[in-house]
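Here are some short exercises to work through with the model open in your viewer. Try each task yourself before reading its solution.

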Amino acid sequence: MLLEGKRGLIVGVANKRSLAWGIAQSAAREGARLAITYQGERLEKNVRKLAEELESPIILPCDVTKEEELNSVADTLQSTMSGIDFVIHAVAYALREELDGQFLDTSREGYRIAQDVSSYSLIALSRCVEPLMKSREEGGGSIVTMTYLGGERVVPNYNVMGVAKAALEMSVRYLAADVGPKGVRVNAISAGPVSY
């Protein structure tokens, strides 16, 4: 039970095939107490159904583009868990039309959305959870996000998401420089092929 006694937040569960759900299952199996989030009413029912497999999870709404929802998640975690030890940020999104054709045709709005959801959300989330990690007895913690090879090299039809992943990876470095001295680690993981 590698995570026995640990408390974590998983952001990005959408369905049974999402990497965030696989991480949630593994963390729970290793003894972690979890809070998981869903983005909007459309995903709530599915996430609640999946969460039935976990032991007493906290299930919270969280649109990562809304500061008030991020702050509400942090407040709830502080009051119900007295802080957290880790957070998994598994959130990425780009408009479908931005993934077709040439990167050259990326719209300003499509670029903004991909950067906001896929990259800036890590910064905003980290700002909210870092104080929760300090409030735990041991202090410190771990922030982990999901990246992809398309942030380092051109991958056909990944387009604006590749640029967002590159920004995400650089954000990891800057965040680690800020919170590392406080005992909080920040890392990005690039998952390999996944079978279901």
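**Exercise 1. Find the strands that helix α3 lies across, and place them in the sheet.**

Solution. Start with helix α3, residues 67-81, which lies across β1, β2 and β3 and runs at about 160° to β3. Contact here means heavy atoms within 4.5 Å. Axes are lines fitted to C-alpha atoms, for helices over the stretch in contact, and angles run from 0 to 180 degrees between N-to-C directions. Helices (H or I, at least four residues) and strands (E, at least two) are DSSP runs, numbered from the N terminus.

Next, put the strands in order: 6 strands make an open sheet, β3-β2-β1-β4-β5-β6, with parallel pairing. Its edge strands, each paired on one side only, are β3 (58-61) and β6 (184-190). Two strands pair if DSSP finds at least two bridges between them. On average, neighbouring strands of the sheet are turned by 15° against each other, direction ignored.

Before going on, a word on the source: this is a predicted model, in which local features need pLDDT of at least 70 and side-chain atom pairs count only at pLDDT 80 or more, while totals for chains, interfaces and linings use all residues. Residues are numbered from 1 along each chain as its sequence is written, and side-chain values use heavy atoms, with hydrogens and water left out.

**Exercise 2. Identify the bridge partner of Ile-36 in β3, then look at how helix α1 packs on the sheet.**

Solution. Strand β2 covers residues 33-38 and pairs with β3 in the parallel sense over 4 bridges. Within β3, Ile-59 is the bridge partner of Ile-36. Now turn to helix α1 (residues 19-29): this helix packs on the sheet and touches β1 (7-11), β2, β4 (86-89) and β5 (141-147). The direction of α1 makes about 165° with that of β1.

**Exercise 3. Describe the overall layout of the protein chain.**

Solution. First count the elements: there are 5 helices and 6 strands. Along the sequence they follow the pattern β-α-β-α-β-α-β-α-β-α-β. The radius of gyration (taken over C-alpha atoms) is 16 Å, close to the 16 Å from the globule rule for 196 residues, so the chain is as compact as a globular protein of that length. That rule is 2.2 Å times the number of residues to the power 0.38. Along its principal axes, the C-alpha trace spans about 50 × 40 × 30 Å.

Then look at burial: 45% of the 196 residues are buried. Buried means under 20% relative accessible area, exposed over 50%, and partly exposed in between (1.4 Å probe, protein chains only). Finally, among contacts with a separation of 6 or more, 71% join residues 24 or more positions apart.

**Exercise 4. Which residues have the most contacts inside the largest nonpolar core?**

Solution. A nonpolar core is a set of buried Ala, Val, Leu, Ile, Met, Phe, Trp, Tyr and Cys residues joined through side-chain atoms within 4.5 Å. The largest has 32 residues, and Leu-9, Leu-77, Ile-84, Val-87, Val-129 and Ile-143 have the most contacts inside it. At least two residues each come from β1, β3, α3, α4 (108-135), α5 (159-179) and β6. Helix α4 gives the largest share, 9 residues.

Zoom in on Leu-9: leaving aside neighbours within four places in sequence, its contacts include Val-73, Leu-77, Phe-86 and Val-129. Apart from this core lies another, of 20 residues, among them Ala-24, Ala-51, Ile-59 and Ala-90.

**Exercise 5. Are Ser-56, Ser-82 and Ser-119 buried, partly exposed or exposed?**

Solution. Take them in turn.

- Ser-56 sits in the loop between α2 (41-51) and β3. With a relative accessible area of 55%, Ser-56 is exposed.
- Ser-82 sits in the loop between α3 and β4. Its relative accessible area of 41% makes Ser-82 partly exposed.
- Ser-119 belongs to helix α4. At a relative accessible area of 4%, Ser-119 is buried; not counting residues up to four places away in sequence, Ser-119 touches Ala-114, Ala-164, Ala-167, Leu-168 and Ser-171.

As a last step, check the backbone. Most residues other than glycine have a negative phi. Ser-56, though not a glycine, has a positive phi of about 50°, and Ser-82, also not a glycine, has a positive phi of about 55°.
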